[in-house]
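Visitor: I should be grateful for a close look at a single part of this model, namely the pairing of charged side chains and its surroundings. Please set out the reasoning step by step.

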Amino acid sequence: MPRRPEIGNIQLYPDRPLKKTDRNGFVLKFYCPIRGTRVRKNCGTRDRREARRILRECQQ
């Protein structure tokens with residue numbers, strides 16, 4: 001049984017370093033209370049440091 005979604009729980013995916021075959025770069029996964037579903041959003045970058053900065057902005 002999956003864990004219940006939580007508001008404010010934003011995850012950066014994947015947790016490993018990117019490979020050349022990873023096309024999308026880093027992705028944010030979070031729960032949207034308006035839609036009532038989990039959402040995946042592309043960060044638009046392949047740099048982990050930049051992706052973490054976007055993650056912090058979304059958490060605020």
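Guide: A residue is called buried when its relative accessible area is under 20%, exposed when that area is over 50%, and partly exposed in between. The model is predicted, and every value that follows is computed from it. With the cut-off in hand, Asp22 counts as buried because its relative accessible area is 17%. Asp22 lies in the loop that runs between β1 (11–13) and β2 (27–32).

The partner of Asp22 is the next point to consider. Side chains of opposite charge can pair when their charged atoms come close. Here Arg16 and Asp22 form a salt bridge, with 2.9 Å between the closest N and O atoms. The side chains of Asp22 and Arg16 are also joined by a polar contact of 2.9 Å. Arg16 has a relative accessible area of 34% and is therefore partly exposed, whereas Asp22 is buried. If residues up to four places away in sequence are set aside, Asp22 touches Arg16 and Arg46.

The structure holds three salt bridges. Having described the pair of Arg16 and Asp22, one may turn to helix α1, which covers residues 48–59. Glu50 and Arg53 meet there through their side chains in a salt bridge of 2.3 Å, N to O. The two residues are three places apart in α1, so about one helical turn separates them. Arg53 also forms a salt bridge with Glu57, the closest N and O atoms being 2.5 Å apart. Glu57 and Arg53 are four residues apart in α1, which again means a separation of about one helical turn. Through shared partners, these salt bridges join Glu50, Arg53 and Glu57 into one network.

The accessibility of the network can be stated residue by residue. Glu50 is partly exposed, with a relative accessible area of 29%. Arg53 counts as partly exposed at 33%, and Glu57 is likewise partly exposed at 48%.

The helix that carries this network deserves its own check. At 1.5 Å a residue, the twelve residues of α1 should span 16 Å, and the end C-alpha atoms are 16 Å apart, so the expected and computed spans agree. Within α1, Ala51, Ile54 and Leu55 are buried. Viewed down the axis of α1, the buried residues fall within an arc of 105 degrees, so they line one face of the helix. These buried residues of α1 pack against β1 and β2, the two strands between which the loop with Asp22 is found.

A further residue of the helix completes the picture. Cys58 has its place in α1 and, at 41% relative accessibility, is partly exposed. Apart from neighbours within four places in sequence, Cys58 is in contact with Ile10 and Leu28. Although Cys58 and Ile10 are 48 residues apart along the chain, their C-alpha atoms are separated by 7.8 Å.

In summary, one salt bridge pairs the partly exposed Arg16 with Asp22, which is buried. In α1, Arg53 takes part in a salt bridge with Glu50 and in another with Glu57.

How values were computed:
Residues are numbered from 1 along each chain as its sequence is written. This is a predicted model: local features need pLDDT of at least 70, side-chain atom pairs count only at pLDDT 80 or more; totals for chains, interfaces and linings use all residues. Side-chain values use heavy atoms; hydrogens and water are left out. A salt bridge is a side-chain nitrogen of Lys or Arg within 4 Å of a carboxyl oxygen of Asp or Glu. Buried means under 20% relative accessible area, exposed over 50%, partly exposed in between (1.4 Å probe, protein chains only). A polar contact is a pair of N or O atoms within 3.5 Å; within protein, one must be able to donate a hydrogen and the other to accept it, and residues adjacent in sequence count only if both atoms are side-chain atoms. Contact means heavy atoms within 4.5 Å. The expected span of a helix is 1.5 Å times one less than its number of residues. The arc is that of the directions from the helix axis to the C-beta atoms.
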